[in-house]
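Student: Could you pick one part of this structure and take me through it closely, cut-offs included?

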Amino acid sequence: NECPRTQKPFTVYSQSLKEKLIAQSNLESDLRHALAANEQLSMVYQPIVNTIDGTLIGCEALVRWQHPVRGFVSPVEFIAIAEQSELINLLSRWIVAKVAEDCHRMVENNIRIKVSINLSRKQFSDVHLVKRLSKEKAKLFPANQKINLEITESALFQNTQYAINLMHELKLAGFNLSLDDFGTGYSSLSSIQQFPLDNVKIDRAFICNCVDNPRDGLFLQTMSDLAHQLDLTITAEGVESSEQWQLVSDKGIDYIQGYLISMPLSIDDFITFDPVA
Ligand code: C2E
Ligand code: MG
Ligand code: MG
Ligand code: MG
């Protein structure tokens, strides 16, 4: 009902002010501040369920940043920025400590599941990774907490022999290992057999059209068969419809994760989440 001519100057002014504030903000120093002040950052948890009966078997921890001026900033964006400096170490320490705290909340609520934590490429190439994670596991997490580490193909193929050795050390330290976003990188199906993995996560890109695209269906079947031959479990990411759930189930894929089951949840919402509801 408002007159566009009187509304316009106001809109233009408020937009340019916001743009100015955004231009002045520097994501790296803003992230440094958020970490130091322990504010704006939070963790959310997305349920991972059994494909056959929908029972909760685990969750993936995902970091969130609510920037005071920009609003929600994608973790893809700010993790890339953090990786350009030693800030990634502070960030990953913060993430692990927060996840550990929330694992205690889960256990207090009788939820004993595997929790998955993402490792960025640079974190994976940190020579102190095993020592640091082992310490944090022993010191911060509930006793016997199952922790799964998600690693992307690009991290593994930077230096194959280094990756294999590091993964063996992580396994000895009691961590489970997933290959994340499988299918989006350059690795061939067979090249994954050289890594000591427990699980492969098929990227959402192969799930979103799988009901209509027979080639995606074929890829899912081939991946599922290969994973099982290699004694790995397989998870489908980004399942959004019951048709996709059905198809993924027909292919023998063990676990699913996606908006159909649940969005990533705050710890308060996660502990009251009921997968069968
Ligand atoms: P990812 O590890 O492959 O995580 C899955 C992403 O898919 C998440 O995005 C999740 O919210 C989204 N997702 C889950 N189900 C669905 C669905 O049904 N449909 C659609 N469209 N999306 C779905 P998010 O949280 O934005 O994270 C993006 C990426 O950022 C992650 O990809 C991961 O690589 C990275 N990331 C997130 N949190 C962390 C973290 O704590 N540490 C590190 N190193 N990386 C993180
Ligand atoms: Mg992941
Ligand atoms: Mg993934
Ligand atoms: Mg993904």
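Tutor: Sure, and one term first: a polar contact is a pair of N or O atoms within 3.5 Å; within protein, one must be able to donate a hydrogen and the other to accept it, and residues adjacent in sequence count only if both atoms are side-chain atoms. Keep in mind that this is a predicted model, where local features need pLDDT of at least 70 and side-chain atom pairs count only at pLDDT 80 or more, while totals for chains, interfaces and linings use all residues. Residues are numbered from 1 along each chain as its sequence is written, chains are lettered from A and ligands numbered from 1 in the order in which they are written, and side-chain values use heavy atoms, with hydrogens and water left out.

Let's take helix α9 and then the metal site. Helices (H or I, at least four residues) and strands (E, at least two) are DSSP runs, numbered from the N terminus. At the N-terminal end of α9, N213 acts as the cap, with a side-chain oxygen 3.0 Å from the backbone nitrogen of R215. The helix covers residues 214-229, and its 16 residues should span 22 Å at 1.5 Å a residue, which agrees with the 23 Å between its end C-alpha atoms. That expected span is 1.5 Å times one less than the number of residues. After α9 comes D231, with a positive phi near 65°.

Buried means under 20% relative accessible area, exposed over 50%, and partly exposed in between (1.4 Å probe, protein chains only). The buried residues of α9 are D216, G217, F219, L220, M223, S224, L226 and A227. Their cover includes β6 (176-182), β7 (199-202), β8 (233-236) and α10 (242-250), where contact means heavy atoms within 4.5 Å.

Strand β6 leads us to the metals. Donors are N, O and S atoms within 2.8 Å of the metal (3.2 Å for Na, K and Ca); water is not among the atoms, so sites may look incomplete. The magnesium ion (ligand 3) has D180 (OD), D181 (OD) and E237 (OE) as protein donors, 1.7 to 2.4 Å away. D181 sits in strand β6 and E237 in the loop between β8 and α10, so this pair ties together parts 56 residues apart in sequence. E237 is buried, at 11% relative accessible area, whereas D181 is partly exposed at 25%.

The magnesium ion (ligand 2) takes E60 (OE), N118 (OD1), E150 (OE) and D180 (OD), at 2.0 to 2.2 Å. Of these, E60 in strand β2 (residues 56-67) and E150 in strand β5 (residues 147-152) are 90 residues apart, and both are buried. D180 bridges the two ions, which lie 3.5 Å apart.
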